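Work through the exercises below with the sequence and the model side by side, and try each task before reading its solution.

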Amino acid sequence: MELENRTATPLNFIVLLALFAASGLILWMRPEVSGLATFGFVLLGWIIGLCLHEFGHATTAAAFGDYSVKARGYLTLDPLVYINGPNSIVLPVLILVLGGIALPGAAVLTRPDLIRHRWQSSLISLAGPVMSLICALISYGAGQVAFAQAAPEVFAQALILLTFFNLMAFVLNLLPVPGFDGFGVITPLLPQPLRDMAERLERIPWISLLAVLAIFFFGFPLIHALMAVVAGTLGLDLSAVSPAFARFRFWS
């Protein structure tokens, strides 16, 4: 496993940042293509946030003694190393594009045997959602600066849409269901019999898929309610999301 990721390079993340910046420049200067430019800008920004989310898991695991994350290339921020089958990055990107749903995605494989304390395992799981929240706050702050400086409205609104998606990723990831980070936060802290049961449950592949489907068909009133609570607590005004989302789905 360590050999297969020796080719990981931060150059791929730098290219991703450059494309994000270029799409933002197009959005700023060419409002006549604001639909396509909003799509590219927000999608690339969300993938950057996804990489930072996984980087949060990896750096926390490394800090607690898991040297394998460095060997696997997770500390390079290379988006390619976070792809672990079609359900990571690929499927979430498709769902974001088609449905506007910021599902958890990507994966960092850690070595639980190298982590000394259970609370450290919980913090490793928590670090990803916290990074998503930080990304949401950064993009929101940038959006507010853009509004204050009379930047093109389509640019400022795209930053608020990016905030919305990162905030959704934060809320969704903290749900205490198998396959989500929230489950990884609480599982290590459970008494041993319950922890064993939870770990067995998490190893059943269709459980996380069932959870995703349940959220998709039934859970969005709850998700939006939780997002409203978080946004209200942090004082985030997300009213600019609707016009930006309409442009994001430029093909509709």
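**Exercise 1.** Is Arg-111 buried, partly exposed or exposed?

*Solution.* The model is a predicted one, and in it Arg-111 has a relative accessible area of 27%. Since buried means under 20% and exposed means over 50%, Arg-111 counts as partly exposed.

**Exercise 2.** Find how many salt bridges there are, and name the partners in each.

*Solution.* Side chains of opposite charge can pair when their charged atoms come close. The cut-off to apply is a distance within 4 Å between a side-chain nitrogen of Lys or Arg and a carboxyl oxygen of Asp or Glu. Asp-113 and Arg-111 satisfy it, with their closest N and O atoms 2.8 Å apart, and Asp-113 is exposed at a relative accessible area of 55%. Glu-32 and Arg-30 also meet in a salt bridge, at 2.3 Å from N to O; here Glu-32 is exposed, at 54%, whereas Arg-30 is partly exposed, at 45%. The count therefore comes to 2 salt bridges.

**Exercise 3.** Explain why Cys-51 and Cys-135 are not joined by a disulfide.

*Solution.* A disulfide needs two cysteine sulfur atoms within 2.5 Å. The cysteine sulfur closest to that of Cys-51 belongs to Cys-135 and lies 9.8 Å away, which is too far for a bond. Both residues are buried, Cys-51 with a relative accessible area of 1% and Cys-135 with 11%. The count of disulfides is 0.

**Exercise 4.** Which residues form a nonpolar patch on the surface?

*Solution.* Leu-80, Ile-83, Val-90, Leu-91, Leu-94 and Leu-98 form the patch, and together they have about 540 Å² of accessible area. One of them, Leu-98, lies in helix H4, residues 90-99, and is exposed, with a relative accessible area of 61%.

Technical notes
Residues are numbered from 1 along each chain as its sequence is written. This is a predicted model: local features need pLDDT of at least 70, side-chain atom pairs count only at pLDDT 80 or more; totals for chains, interfaces and linings use all residues. Side-chain values use heavy atoms; hydrogens and water are left out. Patches are made of residues with over 30% relative accessible area and no salt bridge: like charges are joined within 9 Å, nonpolar side chains (Val, Leu, Ile, Met, Phe, Trp, Tyr) within 5 Å. Accessible areas come from the Shrake-Rupley method with a 1.4 Å probe; for residues, only the protein chains shown count as cover. Helices (H or I, at least four residues) and strands (E, at least two) are DSSP runs, numbered from the N terminus. Buried means under 20% relative accessible area, exposed over 50%, partly exposed in between (1.4 Å probe, protein chains only).
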